[in-house]
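Welcome to a short tour of one protein model. Keep the viewer open as you read, and turn the structure to each spot as it comes up.

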Amino acid sequence: MLIFILLYLALTIVRPQDYMPGLTGLPILSGVLLLAFFSWLLSSAKTFAAPQFFILPIFLLALMMSQVAAGWVGGALEVLAAFGPTMIAFFVLATVTANSPRRIATTFAVFVLCACVLALHGVDQSLNGIGWTGVGMAEDGRIQYVGIFNDPNDLGLLFAAVLPMACFLSGQGGFLRRIFWLAAAALLLYGVYLTNSRGAFLAVLAIGGAYVWYKRG
């Protein structure tokens with residue numbers, strides 16, 4: 001179950017199915033998520049103690065009913081198709097990592113490594129004008145990626161969200177591991193710079209402020 005959901009995370013972020021000809025059009029994401037979901041259903045380690053397990057289905061139902069109330073019954077199915085996979089991914093991931101610091105650290109590592117791939121793609125774009133995916137820089141000179149991270153602002157917010165994970169991992173293990181994850185954090189910061197996203201810059205400042213507040217009061 002852990003392998004399937006981590007593979008789903010990696011495919012969602014790196015998205016080789018969006019630019020590799022042999023994978024284009026294949027329902028890879030859906031297939032991997034279904035495998036993770038079925039593994040979760042068969043697992044005895046399921047827990048529904050957290051309030052999010054109760055709130056998310058209600059939120060999804062409210063989204064669907066709002067479309068019906070607006071007179072568009074088919075919209076309910078579109079909402080289910082759009083938001084349903086996100087809810088399933090949360091259920092599986094939250095269950096897999098619950099009460100397991102080692103699994104949380106592993107999940108963090110997958111997030112950071114995948115985000116670093118996107119940051120390296122951005123560096124490639126900034127140097128050559130086009131990345132290995134075939135996607136060039138935005139018209140205003142900002143880096144971008146494929147799929148859901150085609151918007152530089154979304155890409156920058158991904159880097160900002162993953163940055164604390166890299167900092168956390170740098171505090172685990174020996175000297176070489178610390179250097180590796182700090183280098184990853186520096187790469188993510190550079191990625192934020194290349195996106196030139198004001199929202200991402202503010203997010204990084206908020207993260208830094210929260211850290212200082214937590215450490216220094």
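## Before the tour

Contact here means heavy atoms within 4.5 Å. With that in mind, please remember that this is a predicted model.

## His121, a buried residue in helix 5

A good place to begin is His121, which sits in helix 5. His121 has a relative accessibility of 0%, so this residue counts as buried, the cut-off being under 20%. Setting aside neighbours within four places in sequence, His121 is in contact with Gly131, Trp132, Thr133, Val135, Gln144 and Tyr145.

## Arg142 and its partners

Next, find Arg142 in the loop between helix 5 (101-128) and helix 6 (152-170). Is Arg142 buried or exposed? Its relative accessible area is 14%, and because buried means under 20%, Arg142 is buried.

The side chain of Arg142 has several polar partners to look at. With Asp140 it forms a salt bridge, at 3.0 Å from N to O. With the side chain of Asn153 it makes a polar contact at 3.2 Å. The side chain of Arg142 also reaches the backbone oxygen of Thr195, at 3.4 Å. If residues up to four places away in sequence are not counted, Arg142 touches Met137, Pro152, Asn153, Leu194, Thr195, Asn196 and Ser197.

One of these, Asn196, deserves a stop of its own. Asn196 lies in the loop between helix 7 and helix 8. Its phi is near 50 degrees, a positive value in a residue other than glycine. Asn196 has a relative accessibility of 48% and counts as partly exposed.

## Arg15 and Asp18

How many salt bridges does the structure hold? There are two. Side chains of opposite charge can pair when their charged atoms come close. Besides the pair of Arg142 and Asp140, Asp18 forms a salt bridge with Arg15, where the closest N and O atoms are 2.6 Å apart.

The two partners can be told apart by their accessibility. Arg15 is buried, with a relative accessible area of 10%, whereas Asp18 is partly exposed at 34%. Arg15 lies in the loop between helix 1 and helix 2. Although Arg15 is not a glycine, it has a positive phi of about 60 degrees.

## The nonpolar core

In soluble globular proteins, nonpolar side chains tend to be buried together. In this model, the largest nonpolar core has 60 residues. The residues with the most contacts inside this core are Ile5, Val112, Leu118, Phe159 and Leu188. The elements giving two or more residues to the core are helix 1 (2-14), helix 2 (28-42), helix 3 (52-69), helix 4 (73-97), helix 5, helix 6, helix 7 (175-195) and helix 8 (198-216). Which of them gives the largest share of the core? Helix 5 does, with eleven residues.

Leu118 is a handy residue to select if you want to look around inside the core. Leaving aside neighbours within four places in sequence, Leu118 is in contact with Ile13, Val14, Tyr145, Phe149, Leu155, Leu158 and Phe159.

## The largest pocket

Rolling a probe the size of a water molecule over the atoms shows where empty space is left. The largest pocket found here has a volume of about 310 Å³. It is lined by 16 residues, and the closest to its centre are Leu9, Thr12, Ile13, Thr86 and Phe111.

Helix 1, helix 4 and helix 6 are the elements that give two or more residues to the lining of the largest pocket. Helix 4 provides the largest share of this lining, with five residues.

## Across the model

To get a feel for distances, try two pairs of C-alpha atoms. Leu80, in helix 4, and Phe180 are 100 residues apart in sequence and 40 Å apart in space. Leu80 is partly exposed, with a relative accessible area of 38%. Without its neighbours within four places in sequence, Leu80 is in contact with Leu60, Met64 and Pro85.

The second pair takes you back to Asp18. Its C-alpha atom is separated by 37 Å from that of Phe175, with their positions 157 residues apart along the chain. Phe175 is found in helix 7. With a relative accessible area of 62%, Phe175 is exposed.

How values were computed
Residues are numbered from 1 along each chain as its sequence is written. This is a predicted model: local features need pLDDT of at least 70, side-chain atom pairs count only at pLDDT 80 or more; totals for chains, interfaces and linings use all residues. Side-chain values use heavy atoms; hydrogens and water are left out. Helices (H or I, at least four residues) and strands (E, at least two) are DSSP runs, numbered from the N terminus. Buried means under 20% relative accessible area, exposed over 50%, partly exposed in between (1.4 Å probe, protein chains only). A polar contact is a pair of N or O atoms within 3.5 Å; within protein, one must be able to donate a hydrogen and the other to accept it, and residues adjacent in sequence count only if both atoms are side-chain atoms. A salt bridge is a side-chain nitrogen of Lys or Arg within 4 Å of a carboxyl oxygen of Asp or Glu. A nonpolar core is a set of buried Ala, Val, Leu, Ile, Met, Phe, Trp, Tyr and Cys residues joined through side-chain atoms within 4.5 Å. On a 1 Å grid over the protein atoms alone, a cavity is a set of points where a 1.4 Å probe fits but cannot get out, and a pocket is an open set with protein on both sides within 12 Å along at least five of seven lines; lining residues have an atom within 4 Å of a point. Grid points are joined across faces, edges and corners, and a volume is the space filled by probe spheres set on the points.
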